[in-house]
Amino acid sequence: MDDLYREQIIDRYKNPRMKGALDPHDFSYEDDNPLCGDRIRIDLRVDQAGVVTQAAFSGTGCAISQASADLLVESIIGRSLTDVKALSKEDILGMLGIELGPVRLKCALLSLKVLKAGVYGIEALESELA
Amino acid sequence: MSALHPLRVLDVEAVRAEFPILTRETQPGVRLIYLDSAATSQKPLSVIQAISDFYQHSNANIHRGVHRLAEEATAAYEGARGSVAHFIGAPSPASIVFTRNATESINLVAQTWGRARLMAGDLVILTEMEHHANLVPWLMLAAERGIRLAFVKVDSAGRLDLESYRKLLEQAPRLVSFTHMSNVLGTITPAAEMIAQAHRAGALVLVDAAQSVPHFPVNVTDLQADFLVFSAHKMCGPTGVGVLYGRTGLLESMPPYQGGGDMIKRVRLDGFVPNDSPYKFEAGTPAIAEAIGLGAAIEFLEGLGMQALQQHDQELVAYAMERLEEIPGLHHFGPPAAEKGGVVSFSLDGAHPHDVAQILDSQGIAVRAGHHCAMPIHEKFGLPATTRASFYLYNTLEEIDRLVDGLYKVKQLFA
């Protein structure tokens, strides 16, 4: 097995745990990486206290992009939006357990980009409504 | 040449010995297999040496100096211009403009000839399989000037639909600009025929020869091309220098490109008189060492013979397609080997091109994954990205076997 493609990544790619859509949801956001066609959408349900109660992702792309989305979405259930906003590149790489060059880093970080854009979007919406 | 067995057209081991990079390992015990020459080729010792020699012995700025080094530098730079002209069958060194690369050459034509000659509503014909370098400069001009763009269709086998081309020619185009060889599909286009038809329709023709000039004999006089562009770095030369060939009379009639030193005859505070072509298109200190490196690359290629390179390319691509077709779930794009240069783009069911390329890389095999700067043709084939293996004079049949072994490993991982 190649170091880069640890068993976990291939397994998550082939058998994602968190793949699907939430309807209804409190939040849904989608983005893509036009360079390689990776696409990720993340749906969340968030309770009154701002804690993620349910999460799912959908999308297509390489093993790294899809496995990182699966791991990320699983990791945020039960966590507050404040925690989610604090997630970093290192957290993603830690979950994947690999090092990546600059091109593949974009694949790995697409789901984090989608999640953060969505979460900041929710907060902007809430502050507008407040 | 034709009397030689194809396997013997090039002494590949002798050729490989000229490329120091080919002996390196990408990780301990894993020797490099470089299958990404359509992106950029590797460089032979003679080219590296020519650049190094210039800096060690003759470095000076060109054209203006009267000292010994300046004269040597000017002679070497202008000598390279002469080599380029001879290599592509141009009538005179004056028809060769040095640019940064093929991309800049196309931008130069769009920004000078295009801005001076094209008006709102004028038609420029491109094809669906162009590299972004031959799309975006025209899209920019369309946004600025309101010129119209139309695209020759590409059929499912990756060939240009010449019937759609003939129909477009009926609309009185001003310019036809197309690739001589697709960097994605490998398709070699019938350039001479297309140019003749365009001329009968009253259009000028620009040929994007970035992939063709490195791989087979190209003669601008036989082709009757008005403009032809290519980059040094894909033909064993250095990065940073490219070529615009312009037909005699045409370059002279065009306004200058960038302003600055060397492109002028006389400057006053209230105006300037541009230099003669090709100098009026070469503002500022050019890539002198790189142009000299290109001259050395041409000498290297001519020493081997472009016919021999073409035959070697043909043999590699035919073998590659035969071997790749054995792999279940692999789909390749483009015409049959006989109509292609040394490029094979493919997809593998269940594995994204990035994953394919990364797993191949772990075995020392360098291929490209992505859209290869040609998003529209990928869209046409319904793919965001493909994996591309491209071949050049230093590649061997054994390396293709290693590629195929590597792809089986990818399949095993993703099965």
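A residue counts as buried if 20 or more other C-beta atoms lie within 10 Å of its own. Keep that cut-off in mind for the helix below. The model is predicted.

**The helix**

Helix H2 of chain A covers residues 63–76. Of its 14 residues, 12 are buried, so by the 20-atom cut-off H2(A) is mostly covered. The buried set begins with Ala63(A), Ile64(A), Ser65(A), Gln66(A), Ala67(A) and Ser68(A). It goes on with Ala69(A), Asp70(A), Leu71(A), Leu72(A), Val73(A) and Ile76(A).

Does the length fit or clash with what a helix should span? At 1.5 Å a residue, the expected span is 20 Å. The end C-alpha atoms of H2(A) are 20 Å apart, which agrees. After H2(A) comes Gly78(A), with a positive phi near 90°.

**The strands**

Strand E2 of chain A pairs with E1(A) and is also joined to E3(A). Both pairings are listed here.

| Strands | Residues | Sense | Bridges | A bridge pair |
|---|---|---|---|---|
| E1(A) and E2(A) | 27–33 and 38–46 | antiparallel | seven | Phe27(A) with Leu44(A) |
| E2(A) and E3(A) | 38–46 and 52–60 | antiparallel | eight | Arg45(A) with Gln54(A) |

In a regular strand, side chains alternate between the two faces of the sheet.

**The turns**

E1(A) and E2(A) form a hairpin with four residues between the strands. There, Gly37(A) takes a positive phi near 85°. The hairpin of E2(A) and E3(A) has five residues between its strands. Which residue in that turn has a positive phi? Gly50(A) does, at about 80°.

Key
Residues are numbered from 1 along each chain as its sequence is written. Chains are lettered from A and ligands numbered from 1 in the order in which they are written. This is a predicted model: local features need pLDDT of at least 70, side-chain atom pairs count only at pLDDT 80 or more; totals for chains, interfaces and linings use all residues. Two strands pair if DSSP finds at least two bridges between them. Helices (H or I, at least four residues) and strands (E, at least two) are DSSP runs, numbered from the N terminus. The expected span of a helix is 1.5 Å times one less than its number of residues.
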